[in-house]
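Open the model in your viewer and keep the selection tool ready. We will go from stop to stop, selecting a few residues at each.

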Amino acid sequence: MSTVHFALATAFALVMTAFSAAPALPQEGSIKPYKDALFSRFPVLETADGGAYEVIDYQELRDINERDQVPERRVKSSYVSMGVKRYQENETLQLGGRLIDVTRVGKQKNAAFTVIFVHGRGGDRRLGANDYSFGGNFNRLKNLAVMNGGTYYAPSVTSFDGSGAEEIALLIRHAFEQSRGRPVLLACASMGGTVCSHIARDREAVHYLSGLAVLGGPPDPGYATTPAAKRRLPLYLSHGSADSVYSLEGQAAVYRKLQQAGYPVRLTVFNTGGHGTPIRMTDWRKLLTFLLNGN
């Protein structure tokens, strides 16, 4: 083989190796299970719209008192796997002239997908990084991200208005660029849902997104007219039926409007659940699978 041919063959081999080493976009069903017997098998009381609408049996005695070693403060050890802490870093990112404090779990670059969680009022990045509160649900999200080649960001949100949303928009673009254009998913809880509403109306931010989720957040009656809706980004909603902060009726109305229009949307209702129940009870594996695949 000539020197030129050898050089070309070597270059081709290096390109193919790099390509094969890059993480692939998870396909339907490929989000690997993690403690599904503990987090994914709650009784379904009601279902409709081909499974897009579900009412889940939630019982405080079972789902808090029996699940937690110290109710609402520390989950039993069987619900968590702490090895994921090896992949966790606290960082301050300088993006667009702003400093954004985040907890990152998973790869800094080249993630198969990225999940960004926006906390509610009174929280910061520590809420979305807490392994033991909320029934271990954030520890599960961390493990699901790392096990599947993804990255999870829990940022501190400075405000729940346009300014705070601008910071999250910068983080969305950063995650998109760091992962070389692979899916970026945004999940907002409680008052953080106002950030999701702002992002849905930000044409540039929407360009970098692949899906949205709102956990116990305020309804967005105008969502159907947003750039996010026009791009048909999958939307996952979860809510407690007894939420006294944001009523289920408003969120259910948003769901019905979108579902009747054939939009890729799901609504999971936790029967008797309160405002914080979706953060504890939402099945992150189901949520990720839906947002990544739209079904």
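Which residues is I199 in contact with, leaving aside its neighbours within four places in sequence? Select I199 and look around its side chain. The list is A165, I168, A169, I172, L186, A205, V206 and L209. Bear in mind that this is a predicted model.

**The cores**

Now widen the selection. I199 is among the residues with the most contacts inside the largest nonpolar core, alongside I172, L186, L212 and Y223. That core has 46 residues. Colour helix 6 next: with 6 residues, helix 6 gives the most to this core. Another core lies apart from it and holds 27 residues. To find this other core, select V115, A187, W284 and F290, which are among its members.

**The disulfide**

Select C188 and C196. How far apart are the sulfur atoms of C188 and C196? They are 2.2 Å apart, and the two residues form a disulfide. The structure holds 1 disulfide. Look along the S-S bond: the angle about it is 85°, and the link of C188 and C196 is right-handed. Switch on the surface, and both C188 and C196 turn out to be buried.

**A buried asparagine**

Move to helix 5, residues 137-147, and pick N139. Is N139 buried or exposed? N139 has a relative accessible area of 0%, so it counts as buried. Show what surrounds N139. Beyond residues up to four places away in sequence, N139 touches Y34, Y79, V80, S81, M82, V84, N130 and D131. Zoom in on S81: its backbone nitrogen lies 3.0 Å from a polar atom of the N139 side chain. For contrast, add L99. N139 and L99 are 40 residues apart in sequence, and their C-alpha atoms are 26 Å apart in space.

**Two positive phi angles**

Most residues other than glycine have a negative phi. The last two stops go the other way.

Select R180, in the loop between helix 6 (162-178) and strand 9 (184-189). R180 is not a glycine, yet its phi is positive, about 60°. Its relative accessibility is 55%, and the cut-off for exposed is over 50%, so R180 counts as exposed.

Then go to T272, in the loop between strand 12 (265-271) and helix 11 (277-281). T272 is not a glycine either, and has a positive phi of about 70°. Why is T272 called partly exposed? Because its relative accessible area is 49%, and partly exposed runs between the cut-offs of 20% and 50%.

Methods:
Residues numbered from 1 in each chain as written. Predicted model: local features only at pLDDT ≥ 70, side-chain atom pairs only at ≥ 80, totals over all residues. Heavy atoms only, no water. Helix = DSSP H or I, 4+ residues; strand = E, 2+ residues; numbered from the N terminus. Buried < 20%, exposed > 50% of the residue type's maximum accessible area, 1.4 Å probe, protein only. Contact = heavy atoms within 4.5 Å. Polar contact = N/O pair within 3.5 Å; in protein donor to acceptor, adjacent residues only side chain to side chain. Disulfide = S-S within 2.5 Å. Core = buried A, V, L, I, M, F, W, Y, C linked by side-chain atoms within 4.5 Å.
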